[in-house]
Amino acid sequence: MTSRSGAQRRHLVSSPFKPAVEPEIENFELNDRVSHQSYGLGRVVGKESAAVTVDFGSCTRRIISPFHKLERL
């Protein structure tokens, strides 16, 4: 049995279904105040192309993109 990779299927113009909407990935900057659903309030202390490092006071966590549970304050 073969498994599919994460590649997106092409949307045909004649299809009666709407194309899948790609989620917009938020861009965080250093020192941004953020809120995480699990860890609480924090501040961005590191930034990479696909992740941010956030200091939550009691712990520092690396949050990988897309940032579903993270929002800027």
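Reader: What makes up the secondary structure of the chain?

Author: In this predicted model, the secondary structure comes to zero helices and five strands. Read along the sequence, the pattern is β-β-β-β-β. A run counts as a strand if it holds at least two residues; β1 covers residues 33-36 and therefore meets that cut-off.

Reader: Why are β1 and β2 called paired?

Author: Two strands pair if there are at least two bridges between them. Strands β1 and β2 (residues 40-47) have four bridges, so they satisfy that requirement. Their sense is antiparallel, and R33 has R43 in β2 as its bridge partner. With three residues between them, β1 and β2 form a hairpin.

Reader: How do you know that β1 also pairs with β5?

Author: The same test applies, namely at least two bridges. Between β1 and β5 (residues 70-72) there are three bridges, so this pair qualifies. The two strands are antiparallel, and H36 of β1 stands opposite L70 in β5.

Reader: What joins β2 to β3?

Author: Four bridges join β2 to β3 (residues 51-55). Because pairing requires at least two bridges, these strands count as paired, and they run antiparallel. G46 stands opposite T53 in β3.

Reader: What is the order of the strands in the open sheet?

Author: The order is β4-β3-β2-β1-β5, with antiparallel pairing.

Reader: Why are β4 and β5 called edge strands?

Author: Each of them, β4 (60-64) and β5, pairs on one side only. On average, neighbouring strands of this sheet are turned by 40 degrees against each other, direction ignored.

Reader: What makes the side chains of β1 alternate?

Author: V34 and H36 point to one face and are buried, while R33 and S35 point to the other face and are not buried. Buried means under 20% relative accessible area; V34 and H36 therefore fall under that cut-off, whereas R33 and S35 do not.

Reader: How much of the chain counts as buried?

Author: Of the 73 residues, 19% count as buried. The chain exposes about 6300 Å², of which carbon and sulfur atoms supply 50%.

Reader: What share of the contacts joins residues at least 24 apart?

Author: A contact means heavy atoms within 4.5 Å. Among contacts between residues at least 6 apart in sequence, 32% join residues at least 24 apart.

Note on methods: Residues numbered from 1 in each chain as written. Predicted model: local features only at pLDDT ≥ 70, side-chain atom pairs only at ≥ 80, totals over all residues. Heavy atoms only, no water. Buried < 20%, exposed > 50% of the residue type's maximum accessible area, 1.4 Å probe, protein only. Areas by Shrake-Rupley, 256 points an atom, 1.4 Å probe, with all protein chains shown as cover. Axes fitted to C-alpha atoms, helices over the stretch in contact; angles between N-to-C directions.
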